Amino acid sequence: MNTRSITSAGNVLRAADFVIVVGGDREPPLCAGQESSVRTNRDHHRKAKTMAGPLTPVQSDKLPTSPALDWRDGRVAAEHAWVPEQLYRDILERMPIVCVDTLIIRDGEVLLTRRSQEPQAGSLWLQGGRMRKGEQLTEAALRTAEQESGLSLTLCGLLGTFSTVFEASAHGDSTTHTVNVTFVALAEHDARPQIDNTHDDFVWWPLKKPTGNSYLDQLFVLAAKQSDVAGRT
């Protein structure tokens, strides 16, 4: 086991103030036997109300289970423009931010990186970031996780949707409220992270070993259950 220990002021892990909402009621993708009945229902209601576009599940071929559902009306391109600092502060004051997080696993261990900025400065956390307008969920997950870890990853499932609230922010004195669509990704067994400048260290933490941070521990339990189920199928 190649686990590194890192130190920081006080405990290595620091508990967060957060609210957690597990997205356990996701609607599953349509099976082949359901398509005809769904089509009949759509035809029946088409006269009453016409949808602007088709409801099409967008699923990466790297995601054999638990797809993320993306839908868009027309050709909406992703916008990669940087949000001006003052505007972003104003948004943080008034609204939650949609983020995509990724739990990176390598040989039964999870990559945790120590944040060098708020929220959670000095604490170990998973990788992720803000979703950009027009992005698909899987695109955002790979972009943010690979940027922060320096690894080439393979998405393998959707863990759930959660809500976190922190008193601190990297943008002024505002609190930070994020809605986190959280994926699981696999790294190669010899993967060597090259973390970005928003982190200052990392550790490979055993998936089935508690961290002492109740939010991370709940994510670990869900990921372990998912991997156990996959191993029996």
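How many helices and strands are there in the protein? There are four helices and seven strands, as seen in this predicted model.

**Figure 1. Overview of the predicted model and its order of elements.** Starting at the N terminus, the elements run α-α-β-β-β-β-α-β-β-β-α. The protein has 233 residues, of which 39% count as buried. About 13700 Å² is exposed, and carbon and sulfur atoms supply 53% of that area. When contacts between residues at least 6 apart in sequence are considered, 72% join residues at least 24 apart.

**Figure 2. Close-up of the largest pocket, with about 890 Å³ of space.** The lining holds 37 residues, and Gln117, Gly128, Gly129, Arg130 and Glu148 are the closest to the pocket centre. Rolling a probe the size of a water molecule over the atoms shows where empty space is left. Two helices and four strands can be followed around this view, since at least two lining residues come from each of helix H2 (85–94), strand S1 (97–106), strand S4 (127–130), helix H3 (137–149), strand S5 (154–166) and strand S6 (176–186). By residue class, the lining of the largest pocket comprises 13 nonpolar, 15 polar and nine charged residues.

**Figure 3. Close-up of the stacked pair Trp125 and Tyr215.** Two aromatic pairs are found in a search of the whole structure. In the pair shown here, the ring centres of Trp125 and Tyr215 are 5.4 Å apart and the planes meet at 10°; the pair is stacked because planes under 30 degrees apart count as such. Trp125 belongs to strand S3 (residues 124–125) and Tyr215 to helix H4 (residues 214–232), so the pair ties together parts that are 90 residues apart in sequence. Both Trp125 and Tyr215 are buried.

**Figure 4. Close-up of the edge-to-face pair Phe162 and Tyr215.** A pair of aromatic rings is described by the distance of the centres and the angle of the planes. For Phe162 and Tyr215 these values are 6.3 Å centre to centre and 90° between the planes. Phe162 is in strand S5 and Tyr215 in helix H4, and the pair links these distant parts of the chain, 53 residues apart. Phe162 has a relative accessibility of 1% and therefore counts as buried. Tyr215 is also buried, with a relative accessible area of 1%. Trp125, Phe162 and Tyr215 form one aromatic cluster.

**Figure 5. Close-up of Asp107 in the loop between S1 and strand S2 (109–115).** Phi of Asp107 is near 50°, which is a positive value in a residue other than glycine. Most residues other than glycine have a negative phi, and most peptide bonds are trans. Is Asp107 buried or exposed? Its relative accessibility is 59%, so Asp107 counts as exposed, the cut-off being over 50%.

**Figure 6. Close-up of Cys156 in strand S5 and of Ser227.** The relative accessible area of Cys156 is 23%, so the residue is partly exposed. In sequence, Cys156 and Ser227 are 71 residues apart. In space, their C-alpha to C-alpha distance is 10.0 Å.

Methods
Residues numbered from 1 in each chain as written. Predicted model: local features only at pLDDT ≥ 70, side-chain atom pairs only at ≥ 80, totals over all residues. Heavy atoms only, no water. 1 Å grid on protein atoms, 1.4 Å probe; cavity = no way out; pocket = protein on both sides within 12 Å on 5 of 7 lines; lining within 4 Å. Points joined across faces, edges and corners; volume = space filled by probe spheres on them. Nonpolar A, V, L, I, M, F, W, Y, C, P; charged D, E, K, R; others polar. Buried < 20%, exposed > 50% of the residue type's maximum accessible area, 1.4 Å probe, protein only. Contact = heavy atoms within 4.5 Å. Areas by Shrake-Rupley, 256 points an atom, 1.4 Å probe, with all protein chains shown as cover. Phe/Tyr/Trp six-rings, centres within 6.5 Å; stacked < 30°, edge-to-face > 60°.
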